[in-house]
Structures are given as C-alpha cells and as structure tokens.
Amino acid sequence: MDPLDVMMHVDKVKPYFQAIFSADSHEVVGYEVLGKLEIDQKIISLGTFFHDPTVPDDFKMEIDQKIQDLAFKKYVSENIQVPLYLNVHANYFETEKEDQFLDHLLNYQQKGLDLANIVIEISEQQFSGDLDLLTHTFKYLKTLGVKLAIDDLGTGASNLDRISLMEPDILKVNLHALQSESISTNYHSIIYSLSLLARKVGAELLFAEIITNYHFHYAWRNSGRYYQGSFLSPSASDFVEMNILKERFRKDIQQFILVERKKLTAKFQLAKSLNLQIQGKWKQIKKNRELDVVIDSLAKEMEHIFFRIYVTDEDGFQKTVNFIHVNKNWMWDKSAKGKNWSWRPYFIENVIRMKEEQSGILSDIYNDIETGERIRTFSYPLDESLYLFMDISPMYLDEHEDLLW
Ligand code: CA
C-alpha cells in the first residue's frame with residue numbers, strides 16, 4: 001500500500017494484539033501491539049509501511065502514536081496485567097521524536113498505565129545512529145521500569161557486541177528463516193550463539209514467527225522461554241484469554257520431552273557400548289610394542305564406525321599418527337603426530353572428566369574442520385596418560401538419525 005494512502009486513512013488504523021506464551025506457566029505472558037488498517041472490512045498489515053526506509057519517520061511516528069493511543073486505552077480499560085510489547089523504531093531515540101514517545105508514555109502513566117508492564121521492541125539492524133546515546137536512553141527508560149527487547153534476531157547479520165551493550169531484557173528471535181529440517185548447520189549455530197548470549201547477558205529468549213509445530217519444537221529445544229506466532233495464536237483485535245493454550249502446551253511439550261528422551265537415550269547407549277567395546281579390546285591387546293602399532297591393532301578390532309583415530313597425552317600432545325579409514329583399511333597419516341590440541345574447546349575439561357570418571361565421552365555434534373561434515377567424537381581414557389579420540393563417520397550418523405540430534 002502506498003504510504004500516502006496510509007496517511008489518508010489515519011482514522012482507519014487499529015491496534016491488533018498477538019499473544020506471547022510462556023514455556024513454564026503455559027499461559028499468555030504478554031501481547032505485542034501490531035498496526036493494521038481496516039478498510040472496507042479488509043485488514044491490511046502496516047508491517048511493510050513501518051519497515052520501508054523511504055517512508056518518512058514523521059509519517060511512521062504519527063501512525064505509531066495513533067496505534068499506541070488506541071492500544072493503551074484498551075489495555076488500561078480492560079485492566080490487563082501482563083506486559084504490552086511495543087514496536088519502536090530505534091532511530092526515534094536519536095531525534096526530538098524521543099521526547100514525543102516518552103511524553104506519550106508518561107501521559108498514559110498518569111492514566112493508570114504501569115510502565116513496568118511496557119516492553120519496547122527495537123530492531124538492532126535498523127539502528128544507524130550513536131549507540132552511546134541509545135544505551136543512555138535505555139538506561140533512563142529502565143529507571144521508569146520499561147523493559148527492552150531486541151527484535152528480529154536471526155534474520156540477518158546481528159552484531160552481538162552491540163546487542164550486549166544495549167543490556168536487553170529479552171532477545172526476540174524471528175524463526176522466519178527456519179523453513180525446514182534440512183536447513184544449514186550455520187543457521188542452527190546462529191540460534192545457538194544467541195541462546196548463549198541470552199544466558200550470558202541475563203536476558204530471556206523469545207521465539208517469534210512460530211508458524212508450524214516444527215518451529216514450536218525448535219524453539220523449545222533451543223531454550224526458548226517465550227513463544228509467539230500464528231501456529232499458536234494469530235494477532236487479533238482483542239486480547240485472547242490467558243489460558244487459551246494451557247492444555248495444548250502441556251500436551252505438545254510432553255511430546256517434545258518424549259522425543260528428547262528418545263534421542264538422548266540413543267546417545268547414552270552408544271557411549272555405553274563404545275565404553276564396553278574399548279575396555280574389552282584394550283585389555284586383550286599386547287602393549288609391549290610401539291604405540292602406533294598398538295593403536296593400529298585396536299583400530300582394526302573396533303566396529304567400523306570411525307573414520308579417524310588418534311591418541312594424545314593429558315596435555316593434548318598427539319602421541320600417535322592419525323589412523324584414517326580408507327577403503328576398509330587404516331592408513332597412517334604422520335603429519336599430525338606431536339601437535340598440541342589443548343586449545344580445542346573443552347579439551348582440558350574433557351580430559352579431567354575422563355580421568356575422574358574413568359569412562360569415555362561422546363561429544364556433541366559439530367562440523368569437522370577438515371571435512372566440513374557433521375561428526376561426533378568419542379574419547380576414552382586408555383590409562384593415566386593416554387587418551388583415545390575416535391571420530392565417528394558422518395555415514396554412521398546419517399544411518400542413526402537419533403544421533404544427529
Ligand atoms: Ca516486533
């Protein structure tokens with residue numbers, strides 16, 4: 001719709017509300033205000049109007065104020081107790097519009113609006129101005145009780161530094177790009193780093209644009225505390241009941257738990273069986289030979305699920321060659337012998353754990369640096385100073401999809 005058409009229909013602007021649900025209470029814990037135009041009984045979203053950079057800020061601010069006015073009135077008169085989420089363009093906080101926005105909030109505070117129930121959603125990618133100024137404004141807003149959510153994460157390049165400087169209360173991840181289960185590992189890594197960031201800065205994770213059960217499950221698996229999307233509840237001109245999805249949440253999450261149990265059980269069972277296998281074979285192998293020869297015979301004894309095997313000492317120095325499985329044979333690659341792997345993530349911690357628990361560890365799933373394929377590593381304490389590392393082949397994981405989880 002043409003921006004001028006929107007401006008000509010200011011009186012037709014209406015706030016819509018989309019519920020946000022919580023993973024722990026299974027109830028509605030907030031409503032996001034969305035702008036719509038109601039013309040000839042047709043509902044038109046104002047999303048494109050607000051996201052269009054060629055629309056002047058003045059226009060956007062005018063429409064925003066109108067929407068907020070109507071939303072605040074309805075929110076206060078219906079005595080809603082859960083937070084109201086407002087979309088605010090970050091650039092407003094750089095201009096005199098900041099005062100307009102604040103005056104508007106304070107004005108409604110006098111009319112009974114509890115500012116501790118206001119969450120401002122800001123898109124970090126849209127913001128082009130001075131970050132110091134912005135964080136200064138947020139600090140002030142926080143003294144009023146207002147909370148800050150960073151919107152639209154996971155849709156493009158986000159700057160993690162900037163996000164943590166803003167000290168958000170909520171990270172809002174948009175699952176729009178998550179179309180199918182075959183999506184690249186890179187996407188999962190981005191979501192994973194956002195969940196780590198949320199934990200580090202003490203923010204809650206909210207997943208938006210949940211449009212299928214797969215999205216819902218994905219959000220739950222990735223430590224989402226809050227959920228929003230048409231699969232759960234579409235935006236509506238009224239506030240939906242707080243417990244509208246309570247039953248469904250209980251059932252759906254129970255299902256997620258079942259799946260999680262099944263996958264994790266498969267993982268633990270593989271680790272247990274590998275532990276037993278290595279323990280048994282290692283006892284039988286004659287050790288009065290060169291270490292490379294000893295490990296070579298161990299490799300030959302093992303079930304053929306590995307494509308690379310090597311041994312390090314507890315400081316991470318590689319004590320053997322790399323045994324590489326090619327065409328049913330174990331080839332010796334001498335290039336890695338003597339190298340140090342203590343810098344790898346969790347290396348020292350895992351060695352200590354193996355030593356203390358006297359048992360092997362199955363790693364999480366990750367991309368192999370050399371092959372770029374998704375693998376897992378099983379590591380095992382052969383004795384006090386020798387640690388065995390066995391990389392499980394991607395083919396084996398593909399055949400056991402529970403292990404790809
Ligand atoms: Ca939003």
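Hi everyone, let me start with a small detail: the largest cavity in this structure has a volume of about 40 Å³. Please keep in mind that this is a predicted model. With a lower limit of 30 Å³, the count comes to 1 cavity.

Who sits around that cavity? The lining is made of Thr135, Phe138, Lys139, Lys142, Leu165, Met166 and Glu167. Helix α5, residues 131–143, gives the largest share of this lining, with 4 residues. By character, the lining residues are 3 nonpolar, 1 polar and 3 charged.

Now let's step back to the whole chain. It is divided into domain 1, residues 3–228, and domain 2, residues 259–404. The contact between them takes 4 residues from domain 1 and 4 residues from domain 2. Taken over C-alpha atoms, the centres of the two domains are separated by 46 Å.

Next, the calcium ion. Which protein atoms are its donors? They are Glu32 through OE, Asn87 through OD1, Glu121 through OE and Asp151 through OD, and they lie 2.2 to 2.5 Å from the ion. Along the sequence, the spacing of these donor residues reads E-x54-N-x33-E-x29-D. Because Asn87 is in strand β4 and Glu121 is in strand β5, this pair ties together parts that are 34 residues apart in sequence.

Are those two residues buried or exposed? Asn87 has 26% relative accessibility, so it counts as partly exposed. Glu121 has 2% relative accessibility, so it counts as buried. The cut-off at work here is that buried means under 20%.

Two of the calcium donors turn up again in my next topic, the second largest pocket. Its volume is about 900 Å³. It is lined by 37 residues, and the closest to its centre are Glu32, Leu34, Gly47, His51 and Asn87.

Which elements build that lining? At least two residues each come from β2 (28–39), α2 (47–51), α3 (57–77), β4 (84–87), β5 (118–123), β6 (147–153) and β7 (170–174). Strand β2 supplies the largest share, 5 residues. The lining residues of this pocket divide into 12 nonpolar, 16 polar and 9 charged.

One last stop is helix α8, which covers residues 213–221. Its buried residues are His215, Phe216, His217, Tyr218 and Ala219. After α8 comes Ser223, with a positive phi near 65 degrees.

That's my tour, so thanks for listening!

Conventions: Residues numbered from 1 in each chain as written. Predicted model: local features only at pLDDT ≥ 70, side-chain atom pairs only at ≥ 80, totals over all residues. Heavy atoms only, no water. 1 Å grid on protein atoms, 1.4 Å probe; cavity = no way out; pocket = protein on both sides within 12 Å on 5 of 7 lines; lining within 4 Å. Points joined across faces, edges and corners; volume = space filled by probe spheres on them. Nonpolar A, V, L, I, M, F, W, Y, C, P; charged D, E, K, R; others polar. Donors = N, O, S within 2.8 Å, 3.2 Å for Na, K, Ca; no water. Buried < 20%, exposed > 50% of the residue type's maximum accessible area, 1.4 Å probe, protein only. Domains from an automatic or database assignment. Contact = heavy atoms within 4.5 Å.
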